[in-house]
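Got the viewer open? Load the model, switch to cartoon, and keep the selection box handy.

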Amino acid sequence: MAAKSLLFVVVVLVLVGSMETQMAKAQLGLLGGLLGLIHINGTVFCTTDSTTTSTTPVFPNAQVQLQCGGGVVSTTTTNGAGVFTILLNPLTMLLSSLLNNCNLVVNTPLATCNVGLPTSGILQSPLQLISRVVDGLLGIVNVGATGFNFISS
């Protein structure tokens, strides 16, 4: 009977040790994706300059691209209120590179939201750091548009 009890204890210890090792590996694997998040957001207005007032209409359904070094990194579409959000993994994009080498670009013609505005050209905005928030192991960096300006083509 003592041999069966001893065998039972050994099996339980091996299983518990194995489970702890697997949990540690899983947690470390998760840390790669949970160390942080870059959150880029803003509002696109239906105007040719970044000067807006409370009466400036928004630009719904506009395609917003994050362009870095001439290439498109991410694309999203504004909602009905002209608001957009782009989420990035900071392991694939350095914050300093994002702020210095990237722009938000709207290729959707302004005439789409107002027929009196140009049918060609783009809206473009540099990026700025808004805030950093840390919640436990998760860090969120909030980045925003400094203001979209019209660039004719």
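Select Leu138 to begin: Leu138 sits in strand β7, residues 138-145 (helices, H or I of at least four residues, and strands, E of at least two, are DSSP runs numbered from the N terminus). This is a predicted model, where local features need pLDDT of at least 70 and side-chain atom pairs count only at pLDDT 80 or more, while totals for chains, interfaces and linings use all residues. Residues are numbered from 1 along each chain as its sequence is written, and side-chain values use heavy atoms, with hydrogens and water left out.

Leu138 is partly exposed, at a relative accessible area of 30% (buried means under 20%, exposed over 50%, partly exposed in between, with a 1.4 Å probe and protein chains only). Now add Gly36: it is 102 residues from Leu138 in sequence, but the two C-alpha atoms are 5.2 Å apart.

**Along β7**

Stay in β7 and pick Asn142. Is Asn142 buried or exposed? Asn142 is buried, with a relative accessible area of 19%. Show side chains and you'll find that of Asn142 making a polar contact with the side chain of His39 at 3.1 Å. (A polar contact is a pair of N or O atoms within 3.5 Å; within protein, one must be able to donate a hydrogen and the other to accept it, and residues adjacent in sequence count only if both atoms are side-chain atoms.) Setting aside neighbours within four places in sequence, Asn142 is in contact with His39, Gln128, Leu129, Ile130, Ser131 and Val133, contact meaning heavy atoms within 4.5 Å.

Zoom out to the whole strand. Six of the eight residues of β7 are buried, so the rest of the structure largely encloses this strand.

**Partners of β7**

Which strands pair with β7? On the parallel side of the story, β1 (residues 36-43) pairs with β7 over six bridges (two strands pair if DSSP finds at least two bridges between them). Click Gly36 again: its bridge partner in β7 is Gly139.

Next, colour β6, residues 122-135, which pairs with β7 in the antiparallel sense over eight bridges. Leu127 is the residue to select here, standing opposite Ala145 in β7. Follow the backbone round the hairpin of β6 and β7, with two residues between the strands, and stop at Gly136 in the turn, where phi is positive at about 70°.

**Into the core**

Select Ile40, Leu66, Leu98 and Leu104: of the 26 residues in the largest nonpolar core, these touch the most other members. (A nonpolar core is a set of buried Ala, Val, Leu, Ile, Met, Phe, Trp, Tyr and Cys residues joined through side-chain atoms within 4.5 Å.) At least two residues of this core come from each of β1, β2, β4 (83-88), α2 (95-101), β5 (102-106), β6 and β7. Centre on Ile40 and look past its neighbours within four places in sequence: its contacts include Leu66, Phe84, Leu98, Leu104, Leu127 and Val143.

**Two disulfides**

How many disulfides should you look for? The count is two, taking a disulfide as a pair of cysteine sulfur atoms within 2.5 Å.

Try Cys46 and Cys113 for one of them, with S to S at 1.9 Å. Cys46 is in the loop between β1 and β2 and Cys113 in the loop between β5 and β6, so the pair ties together parts that are 67 residues apart in sequence. Cys46 is buried at 5% relative accessible area, whereas Cys113 is partly exposed at 27%.

Then select Cys68 and Cys102, another disulfide, with sulfur atoms 1.9 Å apart. Cys68 lies in strand β2 and Cys102 in strand β5, so this link ties together parts 34 residues apart in sequence. Cys68 is buried at 16% relative accessible area, and Cys102 counts as buried at 3%.

**Last stop: β2, β3 and β5**

From Cys68, step to its bridge partner in β3, Gly71. Strand β2 (residues 63-68) runs antiparallel to β3 (residues 71-77), joined by six bridges. Their hairpin has two residues between the strands, and Gly69 takes a positive phi near 60°.

On to β5, joined to β2 by five bridges in an antiparallel arrangement; select Val64 and you'll see it opposite Val106. Four of the five residues of β5 are buried, so β5 is largely enclosed by the rest of the structure. Four bridges also join β5 to β6, running antiparallel, and Val105 has Gln124 in β6 as its bridge partner.
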